[in-house]
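Hi,

Here is the model we talked about, sequence and coordinates together. Have a look at it first, and my notes follow underneath.

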Amino acid sequence: MAESVRVRFAPSPTGYLHVGGARSALFNYLFARRHNGTFILRIEDTDQTRFVEGALQEIYESLKWLGLQWDEGPQADGGCGPYIQSQRLHIYKEYSEKLLGSGHAYRCFCTPERITQLRAEQEKAKQPSGYDKKCRNLSDDEIAAHLASGTPFVVRLKIPSGRKVVFTDKIRGAIEYSSDVLDDLVLIKSDGYPTYHMANVVDDHLMNITHVLRGDEWIASTPRHVLLYEAFGWTPPEFAHLPIILSPDGGKLSKRKGAASVMDFKRGGFLPEALFNFLALLGWSPGDEREKMSLKELIDAFSLEKVSPKSAVFDEQKLEWMNGVYLAGKNSDALLDDCKDLWAERKIDVSGFSDDYLLSVITLMKVRSRRLTDIVDNSFYFFADPLSYDEKAAAKQFTSDAAFVLGVINDALAGTGSFTASEIETLFKTLAESRGVSTGKLIHPARLSISGVSAGPGLYEIMELIGKDSVIRRIENAITHIRSKESK
RNA sequence: GGUCCCAUCGUCUAGUGGUUAGGACACAGGAUUUUCAUUCCUGCAACAGGGGUUCAAUUCCCCUUGGGACUACCA
């Protein structure tokens with residue numbers, strides 16, 4: 001039996017979770033689920049200088065919001081922990097000593113200044129840059145002397161010369177490097193922390209990772225990793241490098257060019273399932289023409305072979321469209337809490353209204369919204385009388401004739417018993433017929449009077465929901481408004 | 001500079017050694033609708049360029065061009 005699939009998402013807690021990172025996590029998740037495998041979260045916090053307060057919490061929150069719950073990782077021990085690299089320092093130390101002992105690695109006592117200068121010279125001479133192996137063949141005495149005097153050192157891997165390093169990328173096929181273009185990379189920094197390369201290889205091995213699915217910026221590091229696995233005598237996992245996500249102008253996606261973090265999308269009124277679905281389709285497709293796909297469908301259809309090697313531009317318009325599709329199809333109840341938060345955020349006081357009333361508003365609005373924020377931004381008239389009227393619409397609809405018609409409508413409304421949408425519709429149609437005009441002649445001024453705007457849900461539904469008293473009051477206000485304008 | 005990766009409508013993509021190169025978003029028209037939105041119909045729009053291989057290349061190979069990544073004691 002084949003060993004079970006174990007994959008990991010390994011973010012660095014240096015800031016918010018970017019959609020590119022989220023997409024990597026999502027592919028790992030889908031791959032794990034597809035193969036009944038294990039999705040592991042590992043935190044790569046081996047750079048003390050880049051620690052960002054709160055980043056870890058945001059990463060957890062973002063992943064959970066998107067539905068990417070990890071099977072193993074922080075808060076979910078699976079026997080391979082700890083899953084936070086800063087808590088595994090002793091492990092990296094132990095393994096680097098093995099390499100030192102076996103002659104695959106060496107201590108380098110060069111100062112950072114010398115390395116910087118070396119690189120500057122190499123760049124100036126347009127030579128390939130890289131460490132010049134100065135400390136590679138230090139004598140035992142020299143090493144002992146440095147150690148005795150407490151000279152800071154790093155541990156470097158000895159890259160063999162003249163070797164072809166070949167690995168198979170599941171998405172691109174064979175990729176070949178000459179070991180001669182690789183320099184002796186640092187494994188352990190002078191502060192005792194491991195570099196990404198060291199921690200990544202050791203942990204992937206110790207955590208029995210079978211497939212490494214990560215961003216394609218790691219392709220160039222992979223041959224070094226392969227050599228490191230070799231130095232340890234370990235079999236490397238399978239590799240698949242995922243294409244990066246670009247912003248519409250072709251560059252990297254960044255906060256400046258709109259939303260970039262997962263939480264920005266939450267704040268922007270997107271549904272997690274819509275973002276999930278959209279992200280899944282960025283760089284991958286099921287091979288047929290399906291686009292809106294449930295989680296189960298995505299899992300069933302997912303395969304690495306279908307992942308494109310080409311980087312993709314993040315098209316927020318298409319995300320909006322997809323969000324609108326999900327929004328329209330979602331139960332209003334499931335939207336209520338989020339809408340309440342959004343209303344509160346916008347200082348729209350809905351506390352005087354029942355949940356049933358709010359649910360009706362959501363039901364009416366969601367089908368014509370693309371984001372959750374559209375629902376709350378365009379529903380103010382359900383909670384308060386309009387204070388002004390859309391200028392363009394008013395110019396067209398609020399004529400003296402309309403004032404008269406509105407008066408007639410109000411008289412008729414005052415006499416109605418049940419104030420339901422269908423009753424109101426009958427009333428409007430009868431009224432229009434008796435006056436020999438189209439219902440539009442009544443509806444447009446009435447809509448503007450009641451909502452202050454010219455677009456929105458069906459007028460009769462709005463009227464039924466806000467109720468007879470409010471409707472009549474608003475129409476009266478509008479009549480007064482028109483008359484006062486005329487008298488000027 | 002060096003190494004590596006990538007290349008189908010504006011965008012996301014399907015696709016095959018022989019197809020009218022398909023779908024979706026966006027955009028433009030039109031129909032339906034009390035408005036908006038939905039829905040429906042129609043339109044616009046792509047195989048980067050040049051060489052090969054082949055009876056036949058969008059598809060396979062090479063080059064060019066363009067884009068990107070890496071080239072840290074960052075990940």
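α19 is mostly covered, with six of its eight residues buried. Those six are Leu459, Tyr460, Ile462, Met463, Leu465 and Ile466. They pack against α13 (355-366), α16 (400-414), α17 (421-435), α18 and α20 (468-486). Just past the end of α19, Gly467 has a positive phi of about 95°. Keep in mind that this is a predicted model, and that goes for everything below.

Now the packing. The largest nonpolar core holds 109 residues, and the ones with the most contacts inside it are Phe314, Phe382, Ile409, Leu413 and Phe428. Helix α1 (residues 19-34) gives this core its largest share, nine residues. There is also a second, separate core of 35 residues, with Leu99, Leu227, Leu228 and Trp234 among them. Leu413 is a good place to start clicking: leaving out residues up to four places away in sequence, Leu413 touches Phe419, Ile424, Leu427, Met463, Lys468, Val471, Ile472 and Ile475. Met463 in that list is one of the buried residues of α19.

On to the RNA. Which residues come nearest to RNA strand B? Of the 60 residues around the strand, they are Lys189, Gly283, Glu291, Lys310 and Arg368. Of the RNA atoms that come within 4 Å of the protein, 73% belong to sugar and phosphate. By class, the surface near the strand has 26 nonpolar, 14 polar and 20 charged residues. Several elements supply at least two residues each to that surface, including α4 (112-124), β6 (173-178), α11 (316-329), α18 (439-451) and α19 (459-466).

Three polar pairs with RNA strand B are worth pulling up on screen:

- Asp47: an N or O atom of its side chain is 3.0 Å from a sugar or linking oxygen of the strand.
- Val313: a polar backbone atom is 2.9 Å from a phosphate oxygen.
- Gly456: a polar backbone atom is 2.5 Å from a base nitrogen.

As for the overall layout, chain A is divided into domain 1 (6-84 + 245-313), domain 2 (88-242), domain 3 (331-374) and domain 4 (391-486). The centres of domain 2 and domain 4, taken over C-alpha atoms, are 76 Å apart.

I also went through three serines, each in a loop.

Ser379 sits between α14 (372-377) and α15 (391-397). Is Ser379 buried or exposed? Its relative accessible area is 0%, so Ser379 is buried. A polar atom of its side chain lies 2.9 Å from the backbone oxygen of Ile375, and the side chain also reaches the backbone oxygen of Val376 at 3.5 Å. Leaving aside neighbours within four places in sequence, Ser379 is in contact with Trp343, Val361 and Met365.

Ser179 is in the loop between β6 and β7 (186-188). With a relative accessibility of 1%, Ser179 counts as buried too. Its side chain reaches the backbone nitrogen of Gly162 at 3.3 Å. Not counting residues up to four places away in sequence, Ser179 touches Ile159, Pro160, Ser161, Gly162, Arg163, Val165 and Leu227. Leu227 also belongs to the second core.

Ser86 is in the loop between α2 (55-66) and α3 (89-102). At 26% relative accessible area, Ser86 is partly exposed. What does Ser86 contact, once neighbours within four places in sequence are left aside? Asp45 and Tyr193. With Asp45 there is a side-chain to side-chain polar contact of 2.6 Å.

Last, some backbone oddities. Most residues other than glycine have a negative phi, and most peptide bonds are trans. Here are the spots that go against that:

- The peptide bond from Gly81 to Pro82 is cis, with omega near -5°. Pro82 is in the loop between α2 and α3.
- Gln75, in the loop between α2 and α3, is not a glycine yet has a positive phi of about 70°. Gln75 is exposed, at 61% relative accessible area.
- Asn36, in the loop between α1 and β2 (38-41), has a positive phi of about 50° and is not a glycine either. Its relative accessibility is 71%, so Asn36 counts as exposed.

Shout if you'd like to go through any of this together.

Cheers

Terms used
Residues are numbered from 1 along each chain as its sequence is written. Chains are lettered from A and ligands numbered from 1 in the order in which they are written. This is a predicted model: local features need pLDDT of at least 70, side-chain atom pairs count only at pLDDT 80 or more; totals for chains, interfaces and linings use all residues. Side-chain values use heavy atoms; hydrogens and water are left out. A residue is near a molecule or strand if one of its heavy atoms lies within 4 Å of it. A polar contact is a pair of N or O atoms within 3.5 Å; within protein, one must be able to donate a hydrogen and the other to accept it, and residues adjacent in sequence count only if both atoms are side-chain atoms. Helices (H or I, at least four residues) and strands (E, at least two) are DSSP runs, numbered from the N terminus. Ala, Val, Leu, Ile, Met, Phe, Trp, Tyr, Cys and Pro count as nonpolar, Asp, Glu, Lys and Arg as charged, and the others, Gly among them, as polar. Buried means under 20% relative accessible area, exposed over 50%, partly exposed in between (1.4 Å probe, protein chains only). Contact means heavy atoms within 4.5 Å. A nonpolar core is a set of buried Ala, Val, Leu, Ile, Met, Phe, Trp, Tyr and Cys residues joined through side-chain atoms within 4.5 Å. Domain bounds come from an automatic or database domain assignment.
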